[in-house]
Amino acid sequence: MPSPKPKTVQTMKPETAAKKLGVLLSATPAEFQSGVVSRDELNALQASPPAWLADLRRNGPHPKQVVAAKLGVSISGLARGGITEPLTTAEINALKAENPEWLERERSIQAETRKEALRLKQR
């Protein structure tokens with residue numbers, strides 16, 4: 001009977017881990033940016049986020065996919081609105097309060113897209 005193979009540790013690049021954590025890589029600590037992250041380490045960060053991760057998630061700067069989700073638009077909609085840089089939570093809240101015309105338009109486009117996707121799914 002052959003002996004079982006030792007389990008290999010799955011690792012990922014810091015860019016991938018940051019994306020899975022929903023944070024901007026350039027805003028993470030240097031030790032996070034320079035190393036590799038194992039699947040177990042990622043799970044531990046998600047289950048019990050350290051102070052730096054909790055602060056980044058709360059205050060930003062946020063990557064474009066998070067900015068788009070918080071504003072209720074697509075990533076393409078952000079680009080059409082001229083938003084190309086990461087935003088902090090305060091900047092996102094200010095944009096929501098200001099509610100510029102492009103944001104209203106992109107939100108309605110996003111709502112229509114979701115309705116259409118739901119309609120197609122129900123067929």
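This is a short walk through one predicted model, from its overall shape down to a few single residues.

Hi everyone, and thanks for coming. Since we are looking at a prediction, let me start with confidence. The protein averages a pLDDT of 90, and 96% of the residues score at least 70. Where are the extremes among the elements? Strand E1, residues 11-12, has the lowest mean pLDDT, at 88, while helix H7, residues 89-98, has the highest, at 94. As a general caution, where pLDDT is low, the predicted coordinates should not be read in detail.

Now the layout. The protein has eight helices and two strands. If you read along the sequence, the pattern goes β-α-α-β-α-α-α-α-α-α.

What about overall dimensions? For a compact globule of 123 residues you would look for a radius of gyration near 14 Å, but this protein has 19 Å. Along the principal axes, the C-alpha atoms fill a box of roughly 65 × 45 × 20 Å. Of the 123 residues, 31% count as buried. The exposed surface is about 8400 Å², and carbon and sulfur atoms supply 54% of that. On the contact side, take pairs of residues at least 6 apart in sequence: 56% of those contacts join residues at least 24 apart.

Let me give you two distances to go with that. Pro14 and Leu78 are 64 residues apart along the chain, and their C-alpha atoms are separated by 25 Å. Glu104 sits in helix H8, and from its C-alpha to that of Arg119, 15 residues apart along the chain, the separation is 23 Å. Glu104 itself is partly exposed, at 47% relative accessibility.

Next, the aromatics. How many aromatic pairs does a search of the whole structure find? One. The partners are Phe32 and Trp52, with 5.4 Å centre to centre and 55 degrees between the planes, so the pair is classed as tilted, given that edge-to-face needs over 60. The pair links distant parts of the chain: Phe32 belongs to helix H2, residues 30-34, and Trp52 to helix H4, residues 51-59, with their positions 20 residues apart. Are these two buried or exposed? Phe32 is buried, with a relative accessible area of 8%. Trp52, at 26%, counts as partly exposed because the cut-off for buried is under 20%.

Stay in that area for a moment, and look at Thr28. Thr28 is in the loop between helix H1, residues 14-21, and H2. Despite the loop position, Thr28 is buried, with a relative accessible area of 6%. A polar atom of the Thr28 side chain lies 2.6 Å from the backbone oxygen of Leu25. Setting aside neighbours within four places in sequence, Thr28 is in contact with Val23, Gln33, Trp52 and Leu56. Notice Trp52 in that list, one of the two partners in the aromatic pair.

Phe32 has a visitor as well. Pro14 is in helix H1, and Pro14 is buried, with a relative accessible area of 8%. Again leaving out neighbours within four places, Pro14 is in contact with Leu25, Phe32, Gln33 and Gly35. Gln33 therefore turns up in the contacts of both Pro14 and Thr28, given that contact means heavy atoms within 4.5 Å.

Moving along the chain to helix H5, residues 64-71: which residues are buried there? Val66, Val67, Ala68 and Leu71. The cover over the buried residues of H5 includes helix H6, residues 75-80, along with H7 and helix H8, residues 101-121. Just after H5 comes Gly72, with a positive phi near 75 degrees.

Last topic, backbone geometry, for those of you who like to check torsions before setting anything up. In general, most residues other than glycine have a negative phi, and most peptide bonds are trans. Which peptide bond here is cis? The one from Gly60 to Pro61, with omega near 10 degrees. Pro61 is in the loop between H4 and H5. Then there is Asn99, which is not a glycine yet has a positive phi of about 45 degrees. Asn99 is in the loop between H7 and H8, and at 27% relative accessibility it counts as partly exposed.

That's my tour, and I'm happy to go back to any of these spots on the screen.

How values were computed:
Residues are numbered from 1 along each chain as its sequence is written. This is a predicted model: local features need pLDDT of at least 70, side-chain atom pairs count only at pLDDT 80 or more; totals for chains, interfaces and linings use all residues. Side-chain values use heavy atoms; hydrogens and water are left out. Rings of Phe, Tyr and Trp (its six-membered ring) pair if their centres lie within 6.5 Å; planes under 30 degrees apart count as stacked, over 60 as edge-to-face and the rest as tilted. Helices (H or I, at least four residues) and strands (E, at least two) are DSSP runs, numbered from the N terminus. Buried means under 20% relative accessible area, exposed over 50%, partly exposed in between (1.4 Å probe, protein chains only). pLDDT is the predictor's confidence in each residue, from 0 to 100. A polar contact is a pair of N or O atoms within 3.5 Å; within protein, one must be able to donate a hydrogen and the other to accept it, and residues adjacent in sequence count only if both atoms are side-chain atoms. The radius of gyration is taken over C-alpha atoms; the globule rule is 2.2 Å times the number of residues to the power 0.38. Accessible areas come from the Shrake-Rupley method with a 1.4 Å probe; for residues, only the protein chains shown count as cover.
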